[in-house]
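Hi,

Here is the model I promised to pass on. Have a look, and my notes on what turned up follow underneath.

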There are 2 protein chains.
Amino acid sequence: MLDKIVKRSQGYQPKQTLFTISDKFSTLYVVRSGSFKTTISASNGREQVTGFYFPGEFIGLEALHMPSYQSTAVALEASSVCALPYKKVQALGESMPRLQSQLLTRLSKELAGDKTFMLLLGKKTSEEKLATYLLSLSKRFEHRGFSAKEFSLTMSRSDIANHLGLAVETISRVFTKFQENGLIVIDGKTITLANINKIQALCG
Amino acid sequence: MLDKIVKRSQGYQPKQTLFTISDKFSTLYVVRSGSFKTTISASNGREQVTGFYFPGEFIGLEALHMPSYQSTAVALEASSVCALPYKKVQALGESMPRLQSQLLTRLSKELAGDKTFMLLLGKKTSEEKLATYLLSLSKRFEHRGFSAKEFSLTMSRSDIANHLGLAVETISRVFTKFQENGLIVIDGKTITLANINKIQALCG
DNA sequence: CGCAACCTTGAGACAGTTCAAAGCTAGTGG
DNA sequence: CCACTAGCTTTGAACTGTCTCAAGGTTGCG
């Protein structure tokens, strides 16, 4: 269905920018391969990682009907995307309510996810935060047909820490503790969830 | 436009529930008068206030195309809403792309707001949090044609604290400090922003 | 008017931060 | 193919913003 409006499928290098807050909004992106992070920043330079995006997921939904993007999106590794020029999506949507409906579904799911994430940021301890985060990644990968137990952490410790509202050092310590307790095994960028039940129990 | 699908306009008492997480999703609500809060809760009983809603604002958007609501909505004062049965919204949307477009806009704005809120929860100090919150309320009221400087805090200190990821005691202390520094004046439930520039400067 | 819920203030405790330094890893060019 | 460097990660130790606990004030409803 979307084939008709995919403008191009483009490659990105690690740290390459997909769009910036100051860019005019024109295009929705769907991750084809690799992974991305989105960030927003406060006036004083502090940054918040607002999300990570994997194959099949939409980037830029929060900018729909806005003059410009509301965040900055950056590739975490060698990645590629499908670009959906929004004008075409909209034009096609007029005759295909299903398409708009698809978008509504994606948006409301991301919204629901963000509300859940507020609970994490506002109420959880560092261990609960990391446990919840790892499990959420696991479920997303599983949903897309990948292993729920073993996957690659393409984002840096610092990105994870920032996203979860913690200092890098804290994340590092919790990773170490989880490993000592046999919950996970880390080998380079690859993490294995050795005891998903125990991780689940730690989520709070 | 929406007149055709408004099912009823109903009144709610303080603390009365609009919907619960366990309720089947069927209806979108638009606040007509008063105010509401939405919350989600963790398995262990901890709760997070995910948002406050004032006249003209939609409640329940994150449940679109979901089997059930994703949060609980409760009236903060005597309030009323317009109920939009989603089936009718959807049916009408087929022939009126504008309507779906309206929904997309609302959703993406709420999404953008939530991303900004992550920055607050993850990176700001207690003073920055409260300053940002007060200013955000001020802008929302101004946008709807009410005073930007003086309005009623219909939610409890405890709701504010919870929403901002702080303890009630901390919020109380910051309110006191802001008052001592001449930033605000509080009289019962009414707050006056005495020095918006200074508050703005504190937002971080 | 009296009770229950809410708000404020104080003092001590602690989770997570900051600062500092050493270990590791991956990418680059000779 | 190895040596070198820059950036990332880990670990330790001291510090601090916010929380928790406790108690006294205030508000508003019935």
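Of the DNA strand C atoms that come within 4 Å of the protein, 59% are sugar or phosphate, and the rest belong to bases. Bear in mind as you read on that this is a predicted model.

There are 16 residues around strand C, and the ones that come nearest are A:Ser126, A:Thr170, B:Ser172, B:Arg173 and B:Thr176. Two of those five also turn up with specific phosphate distances. A polar atom in the side chain of A:Thr170 sits 2.2 Å from a phosphate oxygen of DNA strand C, and for B:Thr176 a side-chain N or O atom is 2.6 Å from a phosphate oxygen of that strand. The backbone joins in too: a polar backbone atom of A:Ala167 is 3.0 Å from a phosphate oxygen of DNA strand C. As for secondary structure, the elements giving two or more residues to this surface are helix 5 of chain A, plus helix 4 (157-163) and helix 5 of chain B. Helix 5 of chain B gives the most, with four residues. By class, the surface near strand C comes out as two nonpolar, eight polar and six charged residues.

Now the other strand. Around DNA strand D there are 16 residues, with A:Ser172, A:Thr176, B:Ser126, B:Glu169 and B:Thr170 coming nearest. Sugar and phosphate make up 62% of the strand D atoms that come within 4 Å of the protein. One backbone example is B:Ser126, where a polar backbone atom is 2.9 Å from a phosphate oxygen of DNA strand D.

Which base atoms of strand D do the side chains of A:Arg173 and B:Arg173 come up against? For A:Arg173, a polar side-chain atom lies 3.0 Å from a base nitrogen; for B:Arg173, a polar side-chain atom lies 3.0 Å from a base oxygen. The elements with two or more residues on the surface near strand D are helix 4 (157-163) and helix 5 (168-180) of chain A, along with helix 5 (168-180) of chain B. Helix 5 of chain A has the largest share of that surface, four residues. The class split near strand D is two nonpolar, eight polar and six charged.

On to the protein-protein side. Chain A puts 45 residues in contact with 45 residues of chain B. Between them the two chains bury about 4,100 Å², 65% of it on carbon and sulfur atoms. If you want the polar part of the picture, I get six salt bridges between chain A and chain B, and one example is A:Asp114 with B:Lys115, at 3.2 Å from N to O. There are also 20 residue pairs in polar contact across the two chains, counting pairs with both residues at pLDDT 80 or more. On the chain A side, strand 4 (36-41), strand 5 (47-53), helix 1 (86-95) and helix 2 (97-123) each supply at least two residues. Helix 2 gives the most to that side, with 21 residues. Sorted by class, the chain A side has 17 nonpolar, 17 polar and eleven charged residues.

Last, the inside of chain A. The domain assignment splits chain A into domain 1 (2-118) and domain 2 (124-201), with C-alpha centres 24 Å apart. How many residues of domain 1 are in contact with domain 2? The count is 17 from domain 1, against twelve residues of domain 2. The two domains bury about 1,200 Å² between them, 53% of it on carbon and sulfur atoms. Three phenylalanines stand out here: A:Phe52, A:Phe54 and A:Phe117 supply 44% of the area that domain 1 buries against domain 2, more than any other three residues.

Three salt bridges run between the domains of chain A, and A:Glu57 meets A:Arg140 in a salt bridge with an N to O distance of 2.8 Å. Ten residue pairs are in polar contact between the domains, both partners at pLDDT 80 or more. Strand 5 and helix 2 are the elements that give two or more residues to the domain 1 side, and strand 5 has the largest share, seven residues. That side divides into seven nonpolar, five polar and five charged residues.

Cheers

Note on methods:
Residues numbered from 1 in each chain as written. Chains lettered and ligands numbered in written order. Predicted model: local features only at pLDDT ≥ 70, side-chain atom pairs only at ≥ 80, totals over all residues. Heavy atoms only, no water. Contact = heavy atoms within 4.5 Å. Buried area = accessible area lost by both parts, 1.4 Å probe. Salt bridge = Lys/Arg side-chain N within 4 Å of Asp/Glu carboxyl O. Polar contact = N/O pair within 3.5 Å; in protein donor to acceptor, adjacent residues only side chain to side chain. Nonpolar A, V, L, I, M, F, W, Y, C, P; charged D, E, K, R; others polar. Near = heavy atom within 4 Å. Domains from an automatic or database assignment.
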